[in-house]
Amino acid sequence: MNLVAWIYFPARLAWRQLIFDRTKLVAATCGVLFACVLVFMQQGFRDALYASAASAPVKLNGDLFLIHKQSEAMWRPVHFPRSELMRTLGNPAVAEVYPLYLGLAPFKNIETRTKRTLMVYGFDPDSVIFDIEDIINMRTALRLKDTVLFDEYSRPEFGPVRQLLEAGRNVTEIKDYKITVIGLFRLGVSFAADGNIITSDLNFMRIFPDRNLDAIDLGVIRLHPDASIKQVQAELSSQLNEFVNIFTYDELLQYEKDYWANIAPIGFIFGFGTVMGLVVGLVIVYQILFTDITNHRHEFATLKAMGYEHSYFIRVVFASAFFLAILGFIPGYLFSLGLYHLAESQIFMPMPMTFSKAMTVFLFILSMCMTAGFLAIHKLKAANPADMF
Amino acid sequence: MSLVIDVKNLNFSFGSGALTQPVLKNVTISIHKGEIVLMTGPSGSGKTTFLTIIGGLRQAFHGSVMVLDQQLINSSEQVKVKVRQQIGYIFQQHNLLKSLTALQNVSMTLEMQNRMTEQQRLDRAAEMLKAVGLGERLNYKPDQLSAGQCQRVSIARALVGQPKIVLADEPTASLDKQSGHEAVTILERLAKESQTTILLVTHDYRILDIADRVVELEDGMIKER
């Protein structure tokens, strides 16, 4: 028997039986669609989490980064002495180094006067530490006492800062310290912070009087253009104290992602959500296939009496499962696309629908349907022609 | 004439131990090529059981059942499948696939044979449906056809593969007198044309006239009439 007939005929029968009862087909498709949307949303939220967690380091402009070994992630850093960063200047390949200060602090909404926590970045205005044009342009202005830049992509709970600035209302408080918002930039929110503020290192110390310039949170190292990053990293890690990690750019991103994926329970929660979505879908598809076999058992028994082999019906069941996967995935994909856009506009999290994500979810759904098919084939034994006639 | 069905001392019983219920006792019957044999008998006499054993649907363990030169006693699944493929089965109910049209239902028999193209299969199935008088209803689904028409579709389905044997289990039971007679007349005509052997189980005495031979099964034992 050639391969085309081997799969084509049972698949065709499966298809004809599926489309015969439209109502049931719609119900079955909805079951798969439900699982599909659930998985898409879980995956979307998870990826949004990772992407936004790493949104700050993404814009950092450096070749190597120093961070304390006890810092689990950038949003909850452990300080280390600035001298540790300065020691790296001893390596001839290092061109310049800059410290970055990080802190969470409540920001008072200019309009409603309510306070909400955001992330404050303090940097040396002489450096080009962030690869964001608005920040580079405003560097000089940030030298003024008590001036900050506000992240336009912060959540709306901080107030319509752009409109307020245009209206001249630019004075508010961070951690009960009076500051002036002199401009805007765009970075994006993360799960750790609903908004961002950037200011000079000196202004940072004024907002956080308990901090001092010698205790830094992140060290940014820029190398000479011809230097090998890997080699310098190896040299520096043998020279520096053990309490610091020295990361390349990619390693820093990975470190941040790993924190959210493994150390924070959030990665697990979304993984669990994905699995639960698949289990629910599995049960639904199994029920559909099981009922389908039960309803068709007389027909299958007839075909068996005509000389069809048992394996033919197994292929029919798997073909049905395959069609259900496709039929549920397509509307599920489109529906999720809409929800992604909705989520992006409502919760300000980046939720891109990438090809690889679509493929991953499709493979999940396909394996879910195939597993359901695998579980349902035992019901085929009910189609025994001898008991039927 | 050669023997297509040769049954010797077939014993069959349901259940086991103290609950053993013998159904067929020492059944011996030979059927030649091209013969039309009607088997009658009261309900519960084991007619259907006998038919399912001949058709390779039920496994028997004692005696000898040679069908188309294959021994079906203690046979493997492959042997049974091979025998089934050479047999056309007509059931008490039409047992058509309700999601398929008449044409597609008849084609299902031919899909097991790989020699044909799709077009050849459909042509052959259409031809067969014309032969049973349903040339106008090729694309009707079973629920759009009457019971008599459905039974004729199932006759077409049984015969389209040019089987060597047709087994029919009370094919007229669910039909009125006229359509029942019509159905078996068509069956007889087509079988005679192609020298097909027919073993037909019935207790419908209105159709005895088509038979070459009538045997009676009573209490699991064969009586020639």
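Biologist: Into which domains is chain A divided, and what residues belong to each?

Modeller: In this predicted model, domain 1 of chain A takes in residues 3–53 + 266–388, and domain 2 covers 70–241. The C-alpha centres of these two domains lie 48 Å apart.

Biologist: What makes the two domains of chain A count as being in contact?

Modeller: Contact is judged on heavy atoms, which must come within 4.5 Å. Nine residues from domain 1 of chain A and five residues from domain 2 of chain A take part in the contact, so the two domains touch by that rule.

Biologist: How much area do domain 1 and domain 2 of chain A bury between them, and on what atoms?

Modeller: About 610 Å² is buried between the two domains, with 73% of it on carbon and sulfur atoms. On the domain 1 side, A:Ser52, A:Phe348 and A:Met349 supply 62% of the area that this domain buries against domain 2, more than any other three residues.

Biologist: How many salt bridges and polar contacts are there between these domains?

Modeller: The count of salt bridges is zero. The count of residue pairs in polar contact, with both at pLDDT 80 or more, is also zero. Helix α2 (residues 22–53) of chain A gives the most to the domain 1 side, with five residues.

Biologist: What kinds of residue make up that side of domain 1?

Modeller: The domain 1 side that touches domain 2 of chain A has eight nonpolar residues, one polar and no charged. A salt bridge needs Lys or Arg on one part and Asp or Glu on the other. Those four residue types are the ones classed as charged, so a side with no charged residues cannot supply either partner.

Biologist: How many residues of chain A and chain B are in contact, and what area is buried there?

Modeller: In this interface, 22 residues of chain A are in contact with 26 residues of chain B. The buried area is about 2500 Å², of which carbon and sulfur atoms give 59%.

Biologist: Why is the pair B:Glu111 and A:Arg12 called a salt bridge?

Modeller: The rule asks for a side-chain nitrogen of Lys or Arg within 4 Å of a carboxyl oxygen of Asp or Glu. The side chains of B:Glu111 and A:Arg12 meet at 2.4 Å, N to O, so the pair qualifies. Between chain A and chain B the count is two salt bridges, and six residue pairs are in polar contact, both at pLDDT 80 or more.

Biologist: Which element gives the most to the side of chain A that touches chain B?

Modeller: α1(A) gives the most, with seven residues. That side of chain A divides into 13 nonpolar, four polar and five charged residues.

Terms used: Residues numbered from 1 in each chain as written. Chains lettered and ligands numbered in written order. Predicted model: local features only at pLDDT ≥ 70, side-chain atom pairs only at ≥ 80, totals over all residues. Heavy atoms only, no water. Domains from an automatic or database assignment. Buried area = accessible area lost by both parts, 1.4 Å probe. Polar contact = N/O pair within 3.5 Å; in protein donor to acceptor, adjacent residues only side chain to side chain. Helix = DSSP H or I, 4+ residues; strand = E, 2+ residues; numbered from the N terminus.
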